[in-house]
Amino acid sequence: MRSVPWRVPLWFGAPVRLALGAGLAAAALALACGWPHWRGHPGAAAVTLLGCAGLAVAGGVLAAGRRGRRTGAAFTVASLAWAVTWAASWNAGAAPLVSVFAQSVFYLATGAGVLLYPSGRLGGPSARLWTGAAATVLLGGQALLCAVSRPEWSGFAASAVWPAAFPDRALYDAALRVLTAGLVALAGSLVVILVRRLPRTGGPERALTVPVTAAIAVLVTGAVASQGTMVDDTVRLDDVLRVYLVQGTTATVLPLAFLATAIRARLAELTVAERMQRLTDPVSIEKVRDALRSVLHDDTLDLWFWVPDQRAYVDVAGRPTDIEPLTGGASEAEESLFGPPRWRHEVRTSTGQPLATVKVAPALRDHAPLVEAALAAGGRALEAAQLHATAQATLERARSARERLVRVQAAERERLAADLQRSARRRLRALEELLAALESAAAEPSARDQAAVCRRELAEAVAELDDLARGVHPAILADAGLGPALELVAARTAAPVRLDLPGRRFPPEIESTLYFALCEALTNAVKHARASSVELSVRDTGDAVVAEVRDDGAGAAVPAPGGGLAGLTDRVRALRGRVEIDSPPGAGTRITITIPRT
């Protein structure tokens, strides 16, 4: 039986190996620096070595990422600084002096590293101000303490190297209290800055920020509480090392927080397939989009589908967009006029053809595996939704063509009515004047009678032509708008009509469609329902124009094929509108017409 050669797991790549190497180096340095103390305190040694190693590993993993490099570098420096802090246990030469400054570097690097995540920049003036103040208090304050004190006042041997420029016990005690107060202020302000960031972070980023904020709160609470015990006249080296142990123990929660979020992110990637299947059953375009928004915690996510017949992307409503397929890769950052650029990721079929494209929040670039897992898990749902989108796009094209036809018909009606008014009517009026002159000039009574008959017939023809022109497209509708045109119709209606009309104008196709639809509704109320009174209202809701006709007639109105109400509905639907008819028998009829403005 042939043995299978051992292979390095895929997850154990170069970044992980480097991070583990950094952890071992930090642990080894901590072991060497604190060796005099560790020999009698193995438990404290285990806790400290694990804390240093964990922080160094977290820093190495972050440094290998795309946007966490500066945070990773800061955490690595913090782990090495904390290891060097334990050099105080040698209590000789410059070791105590190096120890106190290494402690300051540890807290400064840790706080700055947290503020640098994930963008790699100190975003906002508050973060920059905190970093400057922390450097001043931690490093400058420590230098001041050293200058006004002797080493034995801090628990170290009197023979240790110490820059005691002008030692003064009273001044030292006052400076120590001021420094402690400054540390409390720094700790509180750091937590406040992190908490204020939470509303501005996305779902995946918030999953990391919340535990890290909690870890920082534990860290600074432990540091401030233990540092307060150092304000004493009888501080010994064991007291100092005990404070270091407490601070180091609380510091271990930081790498644990990053480890917990890493595990949580990995679990999210592993469970995304089940969540996508559950959220997209049954498949629809909106469900696929909403499922991606839920899984990726991005309510701004946009989704477009590729329609091969049109060679274009369409949105969830089937409307074409100006988005072009990506040519340089599967994803890219797109410029945005407001805020950072959004990240666009394209999904392709197994044959390499475009399937869909998504735009997500820029923060999800740091969670590319999660995005790719969600899109891969939703592959079949995306393919099914693409079929829906293709059918929706075909229907949208038909609607758009019908809408354009309605606009053309409205414009043609207006032109034809104007031509009838300007050309044919003018000729008939000229002919009428000519007959009047002929009637006046005729000598024979019979000729004058014939001319008078011709004039009456011609006047009736002109009146019929005016009625025809009004039926094609009333001049008052084009000149004055929907309100005056409906007022004229209401005045000619057999039943009294109470009007509630806006004074503004609407697009010509909307005015024309509403005019003829409302004329048909009034005809139905008077002629078929035998109403004794009618109420007609038109209102603008901002995104739509809503018209309503109420009557007190017989009710039971039902659109019949080829009837007036059916034609009314067809007119309105051509502009993406809808007609609602409420007509219980014996209780009158209410017809509501809604036409969108766009």
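How many of the eight residues of strand β8 are buried? I started my notebook with that one, keeping in mind that this is a predicted model. The strand, residues 544-551, turned out to be mostly covered, with seven of its eight residues buried.

**Entry 1: the partners of β8.** I then looked up what β8 pairs with. Strand β7, residues 534-540, runs antiparallel to β8, and I found seven bridges between them. One pair I noted is E535 with its bridge partner R550 in β8. The two strands make a hairpin with three residues between them. In that turn I came across G542, whose phi is positive at about 100 degrees.

β8 also pairs with strand β10, residues 589-596, again in the antiparallel sense, over eight bridges. Here I wrote down V546, whose bridge partner in β10 is T594.

**Entry 2: helix α17.** Next I went to α17, which covers residues 508-528. I checked its span: the 21 residues reach 29 Å from the first C-alpha to the last, close to the 30 Å expected at 1.5 Å a residue. Is this helix mostly covered or mostly uncovered? It is mostly covered, as 15 of its 21 residues are buried. After the helix comes R530, and I noted its positive phi, near 55 degrees.

**Entry 3: a patch on the surface.** I looked for nonpolar side chains on the outside and found L31, W35 and W90 forming a patch. Together they have about 320 Å² of accessible area. L31 sits in helix α1, residues 14-33. Why does L31 count as partly exposed? Its relative accessibility is 35%, and the partly exposed class lies between 20% and 50%.

**Entry 4: V61.** I placed V61 in helix α3, residues 42-63. V61 counts as partly exposed because its relative accessibility is 46%. I also looked up its separation from L18: the two are 43 residues apart along the chain, and their C-alpha atoms are separated by 8.3 Å.

**Entry 5: the whole protein.** Last, I stepped back for the totals. I counted 18 helices and 10 strands. Of the 598 residues, 43% count as buried. The exposed area is about 30600 Å², and carbon and sulfur atoms supply 60% of it. For contacts between residues at least 6 apart in sequence, I noted that 64% join residues at least 24 apart.

How values were computed: Residues are numbered from 1 along each chain as its sequence is written. This is a predicted model: local features need pLDDT of at least 70, side-chain atom pairs count only at pLDDT 80 or more; totals for chains, interfaces and linings use all residues. Side-chain values use heavy atoms; hydrogens and water are left out. Helices (H or I, at least four residues) and strands (E, at least two) are DSSP runs, numbered from the N terminus. Buried means under 20% relative accessible area, exposed over 50%, partly exposed in between (1.4 Å probe, protein chains only). Contact means heavy atoms within 4.5 Å. Accessible areas come from the Shrake-Rupley method with a 1.4 Å probe; for residues, only the protein chains shown count as cover. The expected span of a helix is 1.5 Å times one less than its number of residues. Patches are made of residues with over 30% relative accessible area and no salt bridge: like charges are joined within 9 Å, nonpolar side chains (Val, Leu, Ile, Met, Phe, Trp, Tyr) within 5 Å. A salt bridge is a side-chain nitrogen of Lys or Arg within 4 Å of a carboxyl oxygen of Asp or Glu. Two strands pair if DSSP finds at least two bridges between them.
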